[in-house]
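Visitor: Please give me a close look at the part where protein and nucleic acid meet. I should like the cut-offs behind each term stated as it arises.

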Amino acid sequence: MTQEHPRTPGSGASADPARPAPRGRRELPVRDLHARITDWFADAARDLPWREPGCSPWGILVSEVMLQQTPVVRVLPVWREWLERWPSPAHLAAEPAGAAVRHWGRLGYPRRALRLHAAASAMVARHDGEVPRTYEELLALPGVGTYTAAAVAAFAFGRRETVVDTNIRRVHARLFGGTALPAPALTAAETRRAVDLLPEDDALSVRWNAAVMELGAVVCTARSPLCDACPVLDACAWVAAGRPAPDYVPKGQAWAGTDRQVRGAIVAVLRDAHAPVPRSVLLEAPVDLALGTGAVEVAGGAPGTLSALHGLRAPLEQLERALAGLMADGLAEETDGGIRLPA
DNA sequence: AAAACGTGGAG
DNA sequence: TCTCCAAGTTT
């Protein structure tokens, strides 16, 4: 998702992360580190529904998948609706996959909804309708990768797992590495460091994982960190080094004119239609897309119509390619009446 | 291993 | 306005 790209160094000439920490930094025993950050968490943790004691493992799994690349505030309402509608894997598995996609709304990456549905079916088939308790079993579920498997094992089942997400990576990079950002991609050294840092005690390890993640999410943020509120400010290698700028700039994802934009527009139409949409309508005829920011703000065609997409460089071809991609992914199906979400 | 895969709020 | 980027996974 990110890529190295040379950039002018920040103001600090002391940006070399390899050199010893300047005199301002305090070396903190790992025990104290655990205590500082988990104590901070005990006080500062946000009240999130999937953190409540009564939340089911299924609720936690759903939250973790929804939170992949997606901000908490946007997940909240969708998560509530899902859990009310589908309180267990069996409830979701009993519905067509298209229902999962439809109720995913505009969360983004709708294939996650599809995979959650497939995961629910797998849990019914292989785990008696329960969320499995081990990292290995979790990892085998569709849409569950190393982060999500570790997070669910830890947060739903209290297991001692090494959880590494983007927040944790950033906190570690600053606190120990002295850099503004972690490497573009997860490195073996980072994983090793996370393993080494994990408290021995099961219960403490769970709190530690949640606490470091929370610290990265609300204090040690990517853009403008709130260092004044940081419980380990005096131990931070990055602060001690004068908060040097990142040595690369994360590569943003292109959006305008991409297949992803077109796929998003098509899925939006299918999601809001409650009957199959004729291919011709989907590709050419005016349709009220009611889309959000820039989704169809492209040159050519009447605004607010799918035909507006023909203003793209490879208009019709691109539409057909995008549609084919959606069908290949299982996000769309062709029937007699036209295209629809999967049944 | 690089690239694809959505979305909308914030700076 | 426009770029950045938010609890990643898959191929």
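Guide: In this predicted model, an N or O atom in the side chain of aspartate 165 lies 2.9 Å from a sugar or linking oxygen of DNA strand C. This pair is a polar contact, meaning two N or O atoms within 3.5 Å; within protein, one must be able to donate a hydrogen and the other to accept it, and residues adjacent in sequence count only if both atoms are side-chain atoms. Two further contacts reach other parts of DNA strand C. Tryptophan 50 places a polar side-chain atom 3.0 Å from a base nitrogen of DNA strand C, while a polar side-chain atom of threonine 148 is 2.7 Å from one of its phosphate oxygens.

Residues are numbered from 1 along each chain as its sequence is written, and chains are lettered from A and ligands numbered from 1 in the order in which they are written. Since the model is predicted, local features need pLDDT of at least 70 and side-chain atom pairs count only at pLDDT 80 or more, whereas totals for chains, interfaces and linings use all residues; side-chain values use heavy atoms, with hydrogens and water left out.

Threonine 148 deserves a closer view. Its place is in helix α8, helices being DSSP runs of H or I of at least four residues, numbered from the N terminus. With a relative accessible area of 3%, threonine 148 is buried, that is, under 20% when a 1.4 Å probe is applied to the protein chains only. Leaving aside residues up to four places away in sequence, threonine 148 touches Leu61, Glu64, Val65 and Gln68, where contact means heavy atoms within 4.5 Å. With glutamine 68, threonine 148 also forms a side-chain polar contact of 3.0 Å.

The wider surroundings of DNA strand C comprise 28 residues, each with a heavy atom within 4 Å of the strand. Glu64, Gly143, Gly145, Thr148 and Asn167 come nearest. Glu64 and Thr148 thus both belong to this nearest group, and they also touch one another. Helices α8 (146-157), α9 and α11 (202-218) each supply at least two residues of this surface. By class, the surface near DNA strand C holds 13 nonpolar, eight polar and seven charged residues; Ala, Val, Leu, Ile, Met, Phe, Trp, Tyr, Cys and Pro count as nonpolar, Asp, Glu, Lys and Arg as charged, and the others, Gly among them, as polar. Of the atoms of DNA strand C within 4 Å of the protein, 63% belong to sugar or phosphate and the rest to bases.

DNA strand B forms the other part of the picture. Around it lie 19 residues, with Arg74, Arg106, Gln253, Arg260 and Arg263 coming nearest. The classes here are four nonpolar, six polar and nine charged. At least two residues of this surface come from each of α6 (111-126) and α13 (259-272), and α13 gives the most, with five. Sugar or phosphate accounts for 61% of the atoms of DNA strand B within 4 Å of the protein, and bases for the rest.

Individual contacts to DNA strand B involve both side chain and backbone. Arginine 260, one of the nearest residues, has a polar side-chain atom 2.7 Å from a base nitrogen of DNA strand B. Leucine 107 places a backbone N or O atom 3.2 Å from a base nitrogen of this strand. In tyrosine 109, a polar backbone atom lies 2.8 Å from a sugar or linking oxygen of DNA strand B.

Conventions
Buried means under 20% relative accessible area, exposed over 50%, partly exposed in between (1.4 Å probe, protein chains only).
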